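Visitor: Hello! Could you pick one part of this protein and take me through it slowly, with a little of its surroundings?

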Amino acid sequence: MSTEQHDADAYGQELARISHHQHEATDARFTVFQALAAAGIRHEQADEIVAKLEAGAVAGAHTWISESSPPHGSEQRFEDGWHAGVRDVVSYLLRIADTTATTGRGLAASSAMLVAHLSQPDSPAPQETPVEEPAPAPALDAKDVLAAAERFPWAVAAPGERHWPDGGDFLDVALSAVRPEEREGYIERLEAFVEQHRARLEEMLRTHGPGSKPASHGRYALVGQPETLVIVERMESAPFLLRGQWEKELETVFLDDLEFVWGPRIRLSR
């Protein structure tokens, strides 16, 4: 087995383990929200409690890494590089802890809505004479949506730098999460969303887009794609619908990476 193949296999195993832990954390968070609701804790207070616990877990990782040391007997240059790398990692972990402590709003309410939905009995088949169905809403033209996204060069990478020259599959799945009643005027809504979040999108492209250190490891491949503007808009507007549509068609690791760096209002990565 070549070194490259071994590294790829090892990285795949790491991703599988991370995915397992994320899935376990999602189930645990769901259980905690149910327990807090049963104890009469309000949604806002429950969000704050869980956010503090998760931020504390990140802070624990910060402490563990910051106290690590290079192997005994290492050369001075190796030690200097080690400590520089540790400083970069712990600074990033600190930002994650700060974000985790302040952006976990709406999770308890979403959990309660999901519980209520799952507990609803199946509706009996209607016996009334069926009424005429309203005409379906017109489908969104993917080309028009993509052209609108391309009008924001500060939010997307240059064409030659993108991971996928054609990200049509990602765009199709994102557009499938646009509800029929939202289709009329959606392009204008998308443009307003991008303008509203300009600083946030610029920062995401700078820190995780093509050419950045995180992207050099093969992750965050969607950052810089014009289709991603639709994905993050749906991530904010219809996170459960987007996740459900995505899991039917595409590898969730791409969405998980994007959700991690974007830090949406409701985090669903597993």
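Guide: Happy to; we will begin with the whole chain, settle on one helix, and then visit two other spots.

Please keep in mind that this is a predicted model. The protein chain holds 13 helices and zero strands, and read along the sequence it follows the pattern α-α-α-α-α-α-α-α-α-α-α-α-α. Of its 270 residues, 32% count as buried.

Now let us look closely at helix H8, which covers residues 186-196. Which residues of H8 are buried? They are Tyr186, Leu190, Phe193 and Val194. If you look down the axis of H8, these buried residues fall within an arc of 95°, so they line one face of the helix. Turn to the face of H8 that points away from this buried side, and you will find the exposed residues Glu188 and Gln196.

Next, a stop at the surface. Asp166, Asp169, Asp172 and Glu249 gather there in a patch of negative charge. One of them, Asp169, sits in helix H6, residues 168-176. Is Asp169 buried or exposed? Its relative accessibility is 55%, and exposed means over 50%, so Asp169 counts as exposed.

Our last stop is Val253, in helix H13, which spans residues 252-262. Val253 has a relative accessibility of 26%. Buried would mean under 20% and exposed over 50%, so Val253 counts as partly exposed. Along the chain, Val253 and Arg219 are 34 residues apart, while 8.9 Å separates their C-alpha atoms.

How values were computed:
Residues are numbered from 1 along each chain as its sequence is written. This is a predicted model: local features need pLDDT of at least 70, side-chain atom pairs count only at pLDDT 80 or more; totals for chains, interfaces and linings use all residues. Side-chain values use heavy atoms; hydrogens and water are left out. Patches are made of residues with over 30% relative accessible area and no salt bridge: like charges are joined within 9 Å, nonpolar side chains (Val, Leu, Ile, Met, Phe, Trp, Tyr) within 5 Å. Accessible areas come from the Shrake-Rupley method with a 1.4 Å probe; for residues, only the protein chains shown count as cover. A salt bridge is a side-chain nitrogen of Lys or Arg within 4 Å of a carboxyl oxygen of Asp or Glu. Lys and Arg count as positive and Asp and Glu as negative; His and the chain ends are not counted. The place of a charge is taken as NZ of Lys, CZ of Arg, CG of Asp or CD of Glu. Helices (H or I, at least four residues) and strands (E, at least two) are DSSP runs, numbered from the N terminus. Buried means under 20% relative accessible area, exposed over 50%, partly exposed in between (1.4 Å probe, protein chains only). The arc is that of the directions from the helix axis to the C-beta atoms.
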